[in-house]
Amino acid sequence: MSDIGDWFKNIPFITRYWFAGSILVPLIGKLGLISPVYLVLWPDAFIYKFQIWRPISSTLYFPVGPRTGFLYLVNLYFLYQYSTRLETGVFAGRPADFIFMLLFNWICIVITGLIMDMQLLMIPLIMSVLYVWAQLNRDMIVSFWFGTRFKACYLPWVILGFNYIIGGSIVNELIGNLVGHLYFFLMFKYPMDLGGRTLLSTPQFLYRFFPSQRGGVSGFGVPPPSRRHAADEQAGARGGRHNWGQGFRLGDD
């Protein structure tokens with residue numbers, strides 16, 4: 001048990017609580033301590049009965065059973081792997097920026113869930129984080145099951161197909177990919193690759209609650225060579241920037 005405890009303590013802070021909540025809440029529903037009826041996102045209950053916990057509980061809850069257990073474990077693995085890699089990679093020492101990414105993706109997914117009457121939001125949020133990691137490491141060659149190898153930028157779509165095979169639906173995965181793309185475009189692609197203005201930035205109050213653990217200013221990424229010269233001039237006025245992080249192979253420790 002001490003080995004498990006040490007492993008759990010070594011999970012990055014934010015990922016650790018997200019991972020723990022994604023185990024605890026399904027367990028509570030499975031044991032019947034709280035009826036799953038109160039854990040899923042129902043628009044009427046949220047809007048008209050002011051059951052304001054539902055957007056959070058529906059992000060952490062998943063109905064684990066004989067037909068859904070494997071899908072749950074696979075996505076729990078994706079949560080652990082890719083949230084850890086982002087938190088210790090491009091967001092290393094910048095918890096406020098990482099929390100803002102999660103909050104932005106989560107709010108977009110909740111709004112979409114209310115509009116589309118989606119009851120479970122766990123997979124969309126996990127996929128949105130995986131999509132951001134894949135784009136930041138888009139040229140990295142990753143290995144998937146049965147020895148298949150491809151660039152990381154294709155990983156979210158491969159997993160979409162994989163989850164469709166084992167789960168029979170692609171709506172959750174597709175929404176997660178689209179939300180992840182929205183965040184990536186606004187935070188990285190548009191201001192750095194296309195030379196546009198910054199449209200998305202971390203609110204200052206998050207820095208007060210979760211101060212950065214290393215110097216520098218808000219902002220990420222190294223533009224591609226075609227945009228690097230212009231980006232360098234802009235970055236000079238801001239005081240610097242951070243690397244996008246190193247890629248990983250699927251399944252690496």
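**Exercise 1. Place T68 and decide whether it is buried or exposed.**

Step 1. Find the loop between α4 (54-60) and α5 (69-87); T68 sits there. Helices are DSSP runs of H or I, at least four residues, numbered from the N terminus. The model is predicted: local features need pLDDT of at least 70, side-chain atom pairs count only at pLDDT 80 or more, and totals for chains, interfaces and linings use all residues. Residues are numbered from 1 along each chain as its sequence is written, and side-chain values use heavy atoms, without hydrogens and water.

Step 2. Check the cover. Buried means under 20% relative accessible area, exposed over 50%, partly exposed in between (1.4 Å probe, protein chains only). T68 has 25%, so T68 is partly exposed.

Step 3. List the contacts (heavy atoms within 4.5 Å). Leaving out residues up to four places away in sequence, T68 touches F62 and P63.

Step 4. Compare sequence and space. T68 and G167 are 99 residues apart in sequence, but their C-alpha atoms are 7.4 Å apart.

**Exercise 2. Test the length of helix α7.**

Step 1. Take residues 122-136, which make 15 residues.

Step 2. Multiply 1.5 Å by one less than the number of residues. The expected span is 21 Å.

Step 3. The end C-alpha atoms are 22 Å apart, which agrees.

Step 4. Add the cover: 15 of the 15 residues of α7 are buried.

**Exercise 3. Find which residues of the largest nonpolar core touch the most other members.**

Step 1. Such a core joins buried Ala, Val, Leu, Ile, Met, Phe, Trp, Tyr and Cys residues through side-chain atoms within 4.5 Å.

Step 2. Among its 62 residues, the answer is W18, L86, M101, W133, L155 and Y183. α7 gives the most to this core, with 11 residues.

Definitions and conventions. Helices (H or I, at least four residues) and strands (E, at least two) are DSSP runs, numbered from the N terminus.
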